[in-house]
Amino acid sequence: MTSQNSDRLHHLGLSGMATALERQRGLPTFMGLGFDERLATLIDAERSAREDRRLKRILKLARLKVQAMPEDIDFRNGRGLDRTMVADLLTCDWVERGRNGIITGPCGAGKTWLTCALAMQAARNGLPVLYHRISLLLEAMVLAHQDGSISKLRATLAKAKLLILDDFGLARLSPRGKLDLLEILDARVGAQSTIIAGQLPFQDWHDHIDEPALADAILDRIMHSSFRLELTGESMRRLRSGA
């Protein structure tokens, strides 16, 4: 009978519950539980299995550069990280409300790692996330304009509740790239969150865009209801390697 029930649960798409039922078979701990208690454990198992599958789906689509875990964030002195502020960010309330983020700092300061840790937390909360190096994304958009797939790419970006645009400032923005970046940010204002991260100090972003009207428009969109983090200190890569 247990085997038949397990097969039926799998057929109904309740694989987490079916697996838990199979594991319970013959275990004295579970045999001594009442019906309601055993049912509760099966329901919890199904819920956990579904949450795990959902997280795996989100992370597969997200393509995060690193699988950074929020609980591993390094708060050592001199990094410019405030525990209270980070704890607030890890609630993901800012993502739910469509706020943006700006993270800057020198090479190796941990900008990419931190953005991926925030994205990981959002994914754990069931929120779709997406990571892109900004130069590669804008190159992809150029090709998408040419082959007619730009609407599909825009739709993919729009599905992300949190979009990370990394390495801002490493490459010059083309005229087409500036317009595409403005379009991306404008479509997300107030509804979806974007983090832009890069080595270039924020005060130099306007000059980097190098076109006053577009620079004003782009910075206005990203600064809309945004938090800012400026990382400092030694290279985290060097510290982790022990060099």
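**Exercise 1. Is A117 buried or exposed, and what does A117 touch?**

Solution.
- Step 1: A117 has a relative accessible area of 0%, so A117 is buried. The cut-off for buried is under 20%. This value comes from a predicted model.
- Step 2: Place the residue. A117 sits in helix α7, which covers residues 111-124.
- Step 3: List the contacts. Setting aside neighbours within four places in sequence, A117 contacts A68, M69, P70 and I73.
- Step 4: Compare sequence and space. A117 and L90 are 27 residues apart in sequence, and their C-alpha atoms are 9.0 Å apart.

**Exercise 2. Work out where E46 and I43 lie, and classify each by accessibility.**

Solution.
- Step 1: Find the helix. I43 belongs to helix α4, residues 35-62. E46 lies in helix α4 too.
- Step 2: Take E46. Its relative accessibility is 5%, so E46 counts as buried.
- Step 3: Find what E46 touches. Not counting residues up to four places away in sequence, the list is G13, L14, S15, G16, M17 and R53.
- Step 4: Take I43. Its relative accessibility is 45%, so I43 counts as partly exposed.
- Step 5: Look at the surface. I43 joins F35 and L39 in a nonpolar patch of about 310 Å².

**Exercise 3. Describe how helices α8 and α9 pack.**

Solution.
- Step 1: Choose the descriptors. Packed helices are described by the angle between their axes and the distance between the axes.
- Step 2: Apply them. Helix α8 (residues 134-147) and helix α9 (residues 150-158) pack at about 145°, with axes 8 Å apart.
- Step 3: Name the residues in contact. Helix α8 supplies L137, A140, M141, A144 and H145, while helix α9 supplies I150, L153, R154 and L157.
- Step 4: Sort them by class. The contact has seven nonpolar residues, one polar and one charged.

**Exercise 4. Where do D210 and S225 lie, and what is the sign of phi in each?**

Solution.
- Step 1: Recall the background. Most residues other than glycine have a negative phi.
- Step 2: Check D210. Its phi is near 60°, a positive value in a residue other than glycine.
- Step 3: Place D210. The residue is in the loop between α11 (205-209) and α12 (212-223). With a relative accessible area of 55%, D210 is exposed.
- Step 4: Check S225. Its phi is positive, about 50°, although S225 is not a glycine.
- Step 5: Place S225. The residue is in the loop between α12 and β5 (226-230). With a relative accessible area of 39%, S225 is partly exposed.

Conventions:
Residues numbered from 1 in each chain as written. Predicted model: local features only at pLDDT ≥ 70, side-chain atom pairs only at ≥ 80, totals over all residues. Heavy atoms only, no water. Patch = residues over 30% accessible without salt bridge, like charges linked within 9 Å, V, L, I, M, F, W, Y side chains within 5 Å. Areas by Shrake-Rupley, 256 points an atom, 1.4 Å probe, with all protein chains shown as cover. Salt bridge = Lys/Arg side-chain N within 4 Å of Asp/Glu carboxyl O. Helix = DSSP H or I, 4+ residues; strand = E, 2+ residues; numbered from the N terminus. Buried < 20%, exposed > 50% of the residue type's maximum accessible area, 1.4 Å probe, protein only. Axes fitted to C-alpha atoms, helices over the stretch in contact; angles between N-to-C directions. Contact = heavy atoms within 4.5 Å. Nonpolar A, V, L, I, M, F, W, Y, C, P; charged D, E, K, R; others polar.
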